Amino acid sequence: MIYEERKSIRKYKAEMIPEDALREILEAGRLAPSAKNRQPWRFLVATGEKKAEILNAMEQGILRTKKSKVMPEKFKKGLASAENTLRIMREAPVLVLVMNTHSGDPYGLNFAGKRVSEIHDSLSIGAAVENMCLRATELGIGSLWIANTVYAHKEITAVLHTKDQLSCAVIFGYSDEKPAGRPRKAFDEVVEFL
Ligand SMILES: Cc1cc2nc3c(=O)[nH]c(=O)nc-3n(C[C@H](O)[C@H](O)[C@H](O)COP(=O)(O)O)c2cc1C
C-alpha cells in the first residue's frame with residue numbers, strides 16, 4: 001500500500017525533481033478534501049536561491065527563539081530538532097510552504113476566537129499535505145513533512161510578505177536513504193470497536 005511505502009526522508013540527493021512530477025504532487029494537494037470545502041491552503045514553492053533565503057530566515061527565527069527570555073523552556077526543547085530539520089531542508093531541492101489562508105499569526109490575539117474553524121482548516125491542510133506526500137511516494141520522490149517552521153513563523157512570513165499563517169512545510173527530492181518503517185502503536189491500542 002502506498003501509505004505503507006511512504007517514509008519521512010531525511011537524506012536527499014542534490015538532483016532536482018522533474019517539473020511535471022512536482023506539478024502532479026501539488027495537484028494531489030489541490031484535490032484534497034477540506035472542511036466545508038474551504039480549501040484553506042496556498043502552496044508556495046521555493047527552489048534555489050529563494051529556498052536559501054527562506055531557510056536563512058528560518059535560521060534567524062531559531063536563533064531568536066533560542067535567545068528569547070519569554071518562550072517557555074518546554075517550547076525551546078524542540079530547538080535541537082528544528083536545527084536538524086533545517087539542515088535537512090537545505091539538502092532537499094524543493095521546499096513547499098503550506099500557508100493557511102484562513103488564519104493569521106498563530107501568536108496573535110485574534111487566534112482564540114477562531115478556534116473551531118482553525119482546527120478544521122488545519123485538518124484540511126493535513127489532508128492536502130498527506131495527499132502530496134503519497135503522490136510523491138508513487139512517483140518515486142521522497143518527502144518530509146515539517147512543522148519545525150513554527151520557531152520562525154515571524155521571520156519566514158516576513159520574507160514571503162504574507163499575513164497568512166505558515167501552517168507547515170514539506171520538502172521533496174530524490175531520497176539518499178532507505179529508512180526502515182518507524183514504529184507505530186499496536187492496532188488494539190489505537191482502535192476501539194464500540
Ligand atoms: C505534522 C507533522 C510535522 C512534522 N514535523 C517534522 C519536523 O519538523 N522535522 C522532522 O524531521 N520530521 C517531522 N515530521 C515527521 C515525523 O517525525 C514522522 O512522520 C514520524 O516520526 C513517523 O515517521 P514516518 O513518517 O517515516 O512514518 C512531522 C510529521 C508530521 C505529520
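The paragraphs below lead through a predicted model, from its nonpolar core to its helix packing, its ligand shell and a few single residues.

The core is a convenient place to begin. In soluble globular proteins, nonpolar side chains tend to be buried together. The largest nonpolar core here has 39 residues, and L95, V98, A169, V170, I171 and F172 touch the most other members. Two or more residues of this core come from each of α2 (19–30), α3, α5, β2 (94–100), α6 (115–138), β3 and β4. L95 shows how one member is surrounded. Apart from neighbours within four places in sequence, L95 is in contact with A46, K51, I54, M89, A169 and I171.

Two of the helices that supply the core also pack on each other. Helix α3 covers residues 48–67 and helix α5 covers residues 79–91; their axes come within 11 Å and cross at roughly 170 degrees. An angle over 145 degrees counts as roughly antiparallel, and α3 and α5 are therefore roughly antiparallel to each other. On the α3 side the contact is made by L55, M58, E59, I62, T65 and K66, and on the α5 side by L79, A82, E83, L86, M89 and R90. By class, seven of these residues are nonpolar, one is polar and four are charged.

Helix α3 also meets α7. G61 lies in helix α3. There G61 has 23 other C-beta atoms within 10 Å, and because 20 or more are enough, G61 counts as buried. Leaving aside residues within four places in sequence, the contacts of G61 are Y151, A152, K154, E155 and I156. G61 and L160 are 99 residues apart in sequence, and their C-alpha atoms are 14 Å apart in space. Helix α7 itself spans residues 153–160, and its buried residues are E155, I156 and T157. These buried residues pack against α3 and against β4, which runs over 165–173. After α7 comes H161, with a positive phi near 55 degrees.

The ligand has a shell made from several parts of the chain. Around the ligand are K7, S8, T85, L144, W145, I146, A147, N148, C168 and R182. Which strand gives the most to this shell? Strand β3, residues 142–146, does so with three residues. By class, the shell has five nonpolar, three polar and two charged residues.

W145 of the shell is also among the contacts of C133, together with R6, S143 and V170, when residues within four places in sequence are left aside. C133 belongs to helix α6 and is buried, with 26 C-beta neighbours inside 10 Å. The C-alpha atoms of C133 and A21 are separated by 12 Å, although the two residues are 112 residues apart along the chain.

Beyond the end of β4, Y174 sits in the loop between β4 and α8 (187–190). With 16 C-beta neighbours inside 10 Å, Y174 is partly exposed. Not counting residues up to four places away in sequence, Y174 touches Y12, K13, E15, I17, I141 and G142. The C-alpha atoms of Y174 and A92 are 8.0 Å apart, with their positions 82 residues apart along the chain.

The last stop is the loop between α2 and β1 (41–46), where S34 is found. S34 is partly exposed, having 16 other C-beta atoms within 10 Å. Its contacts, not counting residues up to four places away in sequence, are Q39, P40, S124 and A127. From S34 to P93 the C-alpha distance is 28 Å, and the two are 59 residues apart in sequence.

K36 lies in the loop between α2 and β1, as does N37. Are K36 and N37 buried or exposed? K36 has 10 C-beta neighbours inside 10 Å and counts as exposed. N37 is exposed as well, with 7 other C-beta atoms within 10 Å. Most residues other than glycine have a negative phi. K36, however, has a positive phi near 55 degrees, and the phi of N37 is also positive and near 55 degrees.

Note on methods. Residues are numbered from 1 along each chain as its sequence is written. This is a predicted model: local features need pLDDT of at least 70, side-chain atom pairs count only at pLDDT 80 or more; totals for chains, interfaces and linings use all residues. Axes are lines fitted to C-alpha atoms, for helices over the stretch in contact, and angles run from 0 to 180 degrees between N-to-C directions. Helices (H or I, at least four residues) and strands (E, at least two) are DSSP runs, numbered from the N terminus. Angles under 35 degrees count as roughly parallel, over 145 as roughly antiparallel, 65 to 115 as roughly perpendicular and the rest as oblique. Two residues are in contact if their C-beta atoms, placed from the backbone, lie within 7 Å. Ala, Val, Leu, Ile, Met, Phe, Trp, Tyr, Cys and Pro count as nonpolar, Asp, Glu, Lys and Arg as charged, and the others, Gly among them, as polar. A residue is near a molecule or strand if its C-beta atom, placed from the backbone, lies within 6 Å of it. A residue is buried if 20 or more other C-beta atoms lie within 10 Å of its own, exposed if 12 or fewer, and partly exposed in between; C-beta atoms are placed from the backbone. A nonpolar core is a set of buried Ala, Val, Leu, Ile, Met, Phe, Trp, Tyr and Cys residues joined through C-beta atoms within 7 Å.
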